Amino acid sequence: MSPSASKRRVLVIDDSEAIHTDFRRILCPEPRRSKNDLDMLEEALFGPAPSRGEGPNEPEFELDSAFQGQEGVAKVTESLSSGRPYSLIFLDYRMPPGWNGAETLKRLRVVAPSLPVVLCSAYSDYSWTELMREFGKSQVLRELRKPFNGQEVRQMALSLTEPRNPG
């Protein structure tokens, strides 16, 4: 199996490039290249440092970006037809001038009804109750408030992309 085939595919749909950078930093951290003198001194004093929150068996993520809802739905459709579906979507509520998060989610549910989606925003045009009324209670729909905590994002991504047993 190729290295990219073993990674959990995540799509971020958000109109802010900075948000995409944040998700990439959290879910796809760069490995340390080499140790400098300070790193070696720290290791001599305190022992080897654990890797950046990633255990040896912790899954890796492959992150794709879409900057509007239409682009995101097209990427999900293409991923399904190519046999490389996404495991999770982080979706912004507001993405002017295109579809908002609710409209994008409505269209995603037609294309991939069981794909986990995390709705993200600092504010919302819809209450969580309204969204639950429209989309129904679901284990595959969550909410994440901005500014978000990196650890919370990583744990949410790990739990929502965990392989599920059917039934």
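Which strands does H1 lie across, and at about what angle does H1 run to S2? The legends below start with the whole chain and then get to that helix.

**Figure 1. The whole chain, a predicted model with helices and strands taking turns.** This is a predicted model, so read every value as computed from it. The protein chain has 6 helices and 5 strands, and going along the sequence you meet them as β-α-α-β-α-β-α-β-α-β-α. Out of 167 residues, 38% count as buried. The chain exposes about 10100 Å², and carbon and sulfur atoms supply 53% of that. If you look just at contacts between residues at least 6 apart in sequence, 78% of them join residues at least 24 apart.

**Figure 2. The open sheet, with its strands in the order S2-S1-S3-S4-S5.** All pairing in this sheet of 5 strands is parallel. S2 and S5 sit at the edges, each pairing on one side only. Neighbouring strands are turned by 20 degrees against each other on average, direction ignored. S1 and S2 pair over 6 bridges, with leucine 11 partnered by aspartate 64 in S2.

**Figure 3. Helices laid across the sheet.** Here's the reply to the opening question: H1 lies across S1, S2, S3 and S4 and runs at about 175 degrees to S2. H4, residues 101-111, lies across S1, S3, S4 and S5, at about 155 degrees to S3. H4 also belongs to a right-handed β-α-β unit, together with S3 and S4.

**Figure 4. Strand S3 and its two partners.** S3 is largely enclosed by the rest of the structure, because 5 of its 5 residues are buried. Leu88, Phe90 and Asp92 point one way, while Ile89 and Leu91 point the other way. Towards S1, 4 bridges do the joining, and the two strands run parallel. Valine 10 stands opposite leucine 88, and valine 12 has phenylalanine 90 as its bridge partner. S3 and S4 also pair in the parallel sense over 4 bridges; there, aspartate 92 is partnered by cysteine 120.

**Figure 5. Strand S2, an edge strand with both faces covered.** S2 pairs on one side only. Why is S2 described as largely enclosed by the rest of the structure? Because 6 of its 6 residues are buried. One side carries Phe61, Leu63 and Ser65, and the other carries Glu62, Asp64 and Ala66.

**Figure 6. A close-up on phenylalanine 61.** This S2 residue is buried, with a relative accessible area of 4%, so it falls under the 20% cut-off. Leaving aside neighbours within four places in sequence, its contacts include Lys7, Arg8, Val10, Leu27 and Cys28, and also Arg154, Ala157, Leu158 and Thr161. Take alanine 157: phenylalanine 61 is 96 residues away from it in sequence, but the C-alpha to C-alpha distance is 8.9 Å.

**Figure 7. Helix H6, its cap and its cover.** H6 spans residues 150-160, and its buried residues are Val153, Arg154, Met156, Ala157, Leu158 and Leu160. What covers those residues includes H1 and the strands S1, S2, S3, S4 and S5. At the N-terminal end, asparagine 149 acts as the cap: one of its side-chain oxygens lies 2.7 Å from the backbone nitrogen of glutamine 151.

Note on methods: Residues numbered from 1 in each chain as written. Predicted model: local features only at pLDDT ≥ 70, side-chain atom pairs only at ≥ 80, totals over all residues. Heavy atoms only, no water. Buried < 20%, exposed > 50% of the residue type's maximum accessible area, 1.4 Å probe, protein only. Contact = heavy atoms within 4.5 Å. Areas by Shrake-Rupley, 256 points an atom, 1.4 Å probe, with all protein chains shown as cover. Polar contact = N/O pair within 3.5 Å; in protein donor to acceptor, adjacent residues only side chain to side chain. Pairing = 2+ DSSP bridges. Axes fitted to C-alpha atoms, helices over the stretch in contact; angles between N-to-C directions. Right-handed = clockwise from strand over helix to strand, strands pointing away.
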